[in-house]
Every structure is written in structure tokens, then in C-alpha cells.
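Q: I have a structure open and I'm new to this. Can we walk through it together?
A: Sure, let's put it up and take it step by step.

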Amino acid sequence: MFGRKKTKDEPLAVTYSESDDGVVLIKLSGRLDSVSASDFQNEAVPKCRGKSAILDMEMVTYLSSAGLRAMLALDKAVGSGNKLSIINAKDSVKDVLDMSGFSEFI
């Protein structure tokens, strides 16, 4: 059967908080895929423009190429004087980040 696998994974849930020094912490839970990436990007980019940001991916169950594109847009919005960091990624998500080359620059 072709198409998206039927799983019990939850849709993407995102929470934002900002530290006293202006770093935005983004906690993701669920799938960052073609269904959720656009909404995530549209919400996250304005919140993080010109600020350092940390993506806590501990609860991310799946990361697709659309999710990688959203992360790339977020990295560009953060800007050159700031940093986008990824923490707590599961092995399956780390593998996607490594294979795509994202681990090299984020």
C-alpha cells in the first residue's frame, strides 16, 4: 500500500517559551511532516526572527523532508548573529538530520 503509514502518532504539538536572555525554546511533540510543517514554519519563523532558538525534539516521532525545509526556514530567520540548536532528538530523527546534512550546520 502506498501513501502515509497509518500510525498512532499524534499530530504535531508545539509550545514556545522565551528565556530572560531572549532565547526561544520550542518543544515539539508528534510528527513534523508534510501535514504539519507549513503551519509550524508559519508560526515559528516570526516568533524566532533575529533570536537564538532551541528545538527540543525529544517527543518528535517522525521527521520528513518537509519538516527539514521548515527547520531550514527557521534557521534563516534566526539569522547570522544567532544560533538554532536541536536537543534531545531520538535516534530515528538524528538519522534523518545526519543523512540530510543538517547536523553539520545546525
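A: What follows is a short chat about this predicted model.

Q: Let's start with the basics. How many helices and strands does the protein chain have?
A: There are 4 helices and 4 strands.

Q: What pattern do they follow along the sequence?
A: The pattern reads β-β-α-β-α-β-α-α.

Q: How much of the protein chain counts as buried?
A: The chain has 106 residues, and 35% of them count as buried.

Q: And the accessible surface, what does that come to?
A: About 6500 Å². Carbon and sulfur atoms hold 51% of that surface.

Q: What share of the contacts comes from residues 24 or more positions apart?
A: Such pairs make up 70% of the contacts with a separation of 6 or more.

Q: Now the helices. At what angle do α1 and α2 pack?
A: The angle is about 10°. Their axes are 9 Å apart. Helix α1 covers residues 37–48, and α2 covers residues 65–78.

Q: Why give both an angle and a distance?
A: Two packed helices are described by exactly those: the angle between their axes and the distance between the axes.

Q: So what do I call α1 and α2, roughly parallel or roughly antiparallel?
A: Roughly parallel. Angles under 35 degrees get that label, and therefore α1 and α2 do too.

Q: Which residues make the contact?
A: From α1, they are Ala-37, Phe-40, Gln-41, Ala-44, Val-45 and Cys-48. From α2, they include Ala-66, Gly-67, Arg-69, Ala-70 and Leu-74.

Q: How many of the contact residues are nonpolar, polar or charged?
A: By class, 11 are nonpolar, 2 are polar and 1 is charged.

Q: New topic. How many salt bridges are there?
A: The count is 2. Side chains of opposite charge can pair when their charged atoms come close.

Q: Which residue pairs with Glu-18?
A: Lys-51 does. Their closest N and O atoms are 3.1 Å apart.

Q: Where do Glu-18 and Lys-51 lie?
A: Glu-18 is in strand β1, and Lys-51 is in the loop between α1 and β3. They are 33 residues apart in sequence, so the pair ties together parts with that separation.

Q: Is that pair buried or exposed?
A: In between. Glu-18 is partly exposed, at 47% relative accessible area. Lys-51 is also partly exposed, at 27%.

Q: And which residue does Asp-33 meet in a salt bridge?
A: Arg-31, at 2.8 Å from N to O.

Q: Are those two buried or exposed?
A: Asp-33 is buried, with a relative accessible area of 4%. Arg-31 counts as buried at 8%. The cut-off for buried is under 20%.

Q: Next, Asn-88. What is its phi?
A: Asn-88 has a positive phi of about 60°, although it is not a glycine.

Q: Why mention the sign?
A: Because most residues other than glycine have a negative phi.

Q: Where is Asn-88 found?
A: In the loop between β4 and α3. Asn-88 is partly exposed, with a relative accessible area of 43%.

Q: What about Ala-89, buried or exposed?
A: Buried, at 12% relative accessible area. Ala-89 has its place in the loop between β4 and α3.

Q: Which residues is Ala-89 in contact with, leaving aside neighbours within four places in sequence?
A: Met-57 and Lys-94.

Q: Last one. How far apart are Ala-89 and Val-60?
A: They are 29 residues apart in sequence. In space, the distance is 7.4 Å, C-alpha to C-alpha.

Key
Residues numbered from 1 in each chain as written. Predicted model: local features only at pLDDT ≥ 70, side-chain atom pairs only at ≥ 80, totals over all residues. Heavy atoms only, no water. Axes fitted to C-alpha atoms, helices over the stretch in contact; angles between N-to-C directions. Helix = DSSP H or I, 4+ residues; strand = E, 2+ residues; numbered from the N terminus. Parallel < 35°, antiparallel > 145°, perpendicular 65-115°, else oblique. Contact = heavy atoms within 4.5 Å. Nonpolar A, V, L, I, M, F, W, Y, C, P; charged D, E, K, R; others polar. Buried < 20%, exposed > 50% of the residue type's maximum accessible area, 1.4 Å probe, protein only. Areas by Shrake-Rupley, 256 points an atom, 1.4 Å probe, with all protein chains shown as cover. Salt bridge = Lys/Arg side-chain N within 4 Å of Asp/Glu carboxyl O.
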